[in-house]
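Thanks for sharing this one with me. Here are my notes, set out as numbered points so that you can follow them with the model open beside you.

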Amino acid sequence: MNKTAAALIVFFIFFTTGCSMIVGKDDTPVQKGLTLRFVETLRNEASLRGESLKEASYNTDRATTLQQPNSVFADAFRVYVTDTANIVSATTSTFARVFVFDRGERTVAIFDGTQPPPADTIGIDKGTLIAPGGITVDAAGTLWVSDSQQGKVFGYTRNGRLLSIIGKFGELARPVGLAADYHRNRLYIADAHAQLVKVFSTDGARLFEIGASGKAGEDSKFPGAIALDRNGNLSVLDTKRRLVRKYDPDGKFVKTFGLSGADPGSAVKPRGLAIDSDGHLYVTDTASNNILVFDQEGELLFTWGRTGSLSGEFWSPAGIFIDDRDFIYIADQTNGRIQIFQYIK
């Protein structure tokens, strides 16, 4: 598809049927199977149970309802969300937290890292969160959360009990994006200040770094969000230069493509990055309040969404994650919710 055709793409969302179709200027599918379906919105326990009438009352309880979701991860059973809001009242002060939406039990667990650590880790930091930036879960079920202000990545149980810390010895400066490779037992950490992606084993051993070749165009520079495809290839979002750089599983540079330019839909302030099972790259744009979708070669396919608070509309979309079933989870930050869609082949 050339850039002129991409600029003519129109994205229709039919909320009454729960389905959306991307069409071109002749109303034929731009790419076979490129269909998105709206699934649900998550804010609190009421929305998790599908109780839309009760959800409004939950919204008045800021302590149990998402306020400023920043990043999101999901597995087959749960949706994990970091919330960066500070809630201060006459009786309580609540700072950054992690919400765990359990889709089986239809309950929500909330923690801020202040639970005491296990007895066998006496002396370890509490792991209280201040500025959570990324979230992921490894193959063993450890929940990892990066804290950019503390320069650490904390490993928790899904109930918020601290298990381990990466970055205790100055190994990290400003960790933001996270990604876990189940097959290689690796944890990829985007260190924005170091301008590197640092790779650790999931037991905390430092393995290697990505993005320090010294060759023009290949270095990671301002890494923010990161994402792995199904083959273990890493994509790194350069939030300042508005680029995506791709590396193979061993950290060898593959290619770079830009997100900015004269074409409609170009990213103004890219924030989140995710990859579906067919290799399409999804980038959230917090300035334009939409999502950009690219093919594997970096060609812009379409933009999706607009400013608003209805389903399919966004207000400062931040983190994005796509699971193994191609469900798309978007942290709709200012709207205080997670919107969930599905890519249908």
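The points below go from the whole chain to its sheets and cores, and then to a few single residues.

1. A word on the overall picture first. This is a predicted model, so please read every value here as computed from it. The protein chain holds three helices and 28 strands. It has 345 residues, of which 53% count as buried. The exposed area comes to about 15200 Å², and carbon and sulfur atoms supply 50% of that. As for contacts between residues at least 6 apart in sequence, 45% join residues at least 24 apart.

2. One sheet to look at is open and made of four strands, in the order β4-β5-β8-β9, with antiparallel pairing. Its edges are β4 (69-74) and β9 (107-111); each has a single partner strand, so one side of each has no neighbour in the sheet. From one strand to the next, the twist averages 20°.

3. Within that order, the pairing of β5 (residues 78-83) with β8 (residues 97-102) is worth a look: the two strands run antiparallel and share six bridges. If you want a place to begin, find Tyr80, which stands opposite Val100 in β8. While you are there, it may help to recall that side chains in a regular strand alternate between the two faces of the sheet.

4. Which residues have the most contacts inside the largest nonpolar core? They are Val79, Val81, Val98, Phe101, Leu143, Tyr329 and Ile338, in a core of 32 residues. Strand β8 gives the most to this core, with four residues. Apart from it lies another core, of 16 residues, which includes Leu36, Ile291, Phe302 and Phe341.

5. Val79 deserves its own entry. Setting aside neighbours within four places in sequence, Val79 is in contact with Leu42, Val72, Phe73, Ala74, Phe99, Val100, Phe101, Arg103 and Tyr329. Two of these names, Phe101 and Tyr329, also appear among the core residues with the most contacts.

6. Next, the hairpin of β14 and β15. Strand β14 is mostly covered, with seven of its seven residues buried. β14 pairs with β15 (residues 186-191) in the antiparallel sense over five bridges, and Asp181 stands opposite Arg186 in β15. Four residues lie between the two strands, and Asn185 takes a positive phi near 50° in this hairpin.

7. Asn185 comes up again in the surroundings of two other residues. One is Ser201, in strand β16 (residues 196-201). Is Ser201 buried or exposed? Its relative accessibility is 12%, so Ser201 counts as buried, the cut-off being under 20%. Beyond residues up to four places away in sequence, Ser201 touches Asn185, Arg186 and Leu207.

8. The other is Ala139, found in the loop between β10 (132-137) and β11 (143-147). Ala139 has 51% relative accessibility and therefore counts as exposed, which requires over 50%. Its contacts, not counting residues up to four places away in sequence, are Tyr182 and Asn185. Ala139 and Thr202 are 63 residues apart in sequence, while their C-alpha atoms are 8.8 Å apart in space.

9. Ala173 sits in another loop, the one between β13 (162-166) and β14 (175-181). With a relative accessible area of 37%, Ala173 is partly exposed. Leaving out residues up to four places away in sequence, Ala173 touches Ser148, Gly151, Asp191, His193 and Ala194. Its C-alpha is 8.6 Å from that of Gln149, and these two residues are 24 apart in sequence.

10. Last, a helical residue: Ser47, in α2 (residues 45-48). Ser47 is buried, with a relative accessible area of 7%. What does the side chain of Ser47 reach at 2.7 Å? The partner is the backbone nitrogen of Arg43. Apart from neighbours within four places in sequence, Ser47 is in contact with Glu40, Thr41, Leu42 and Glu55. Leu42 is also one of the contacts of Val79, which may be a handy way to find your way back to point 5.

Note on methods. Residues are numbered from 1 along each chain as its sequence is written. This is a predicted model: local features need pLDDT of at least 70, side-chain atom pairs count only at pLDDT 80 or more; totals for chains, interfaces and linings use all residues. Side-chain values use heavy atoms; hydrogens and water are left out. Buried means under 20% relative accessible area, exposed over 50%, partly exposed in between (1.4 Å probe, protein chains only). Contact means heavy atoms within 4.5 Å. Two strands pair if DSSP finds at least two bridges between them. Axes are lines fitted to C-alpha atoms, for helices over the stretch in contact, and angles run from 0 to 180 degrees between N-to-C directions. A nonpolar core is a set of buried Ala, Val, Leu, Ile, Met, Phe, Trp, Tyr and Cys residues joined through side-chain atoms within 4.5 Å. A polar contact is a pair of N or O atoms within 3.5 Å; within protein, one must be able to donate a hydrogen and the other to accept it, and residues adjacent in sequence count only if both atoms are side-chain atoms. Accessible areas come from the Shrake-Rupley method with a 1.4 Å probe; for residues, only the protein chains shown count as cover.
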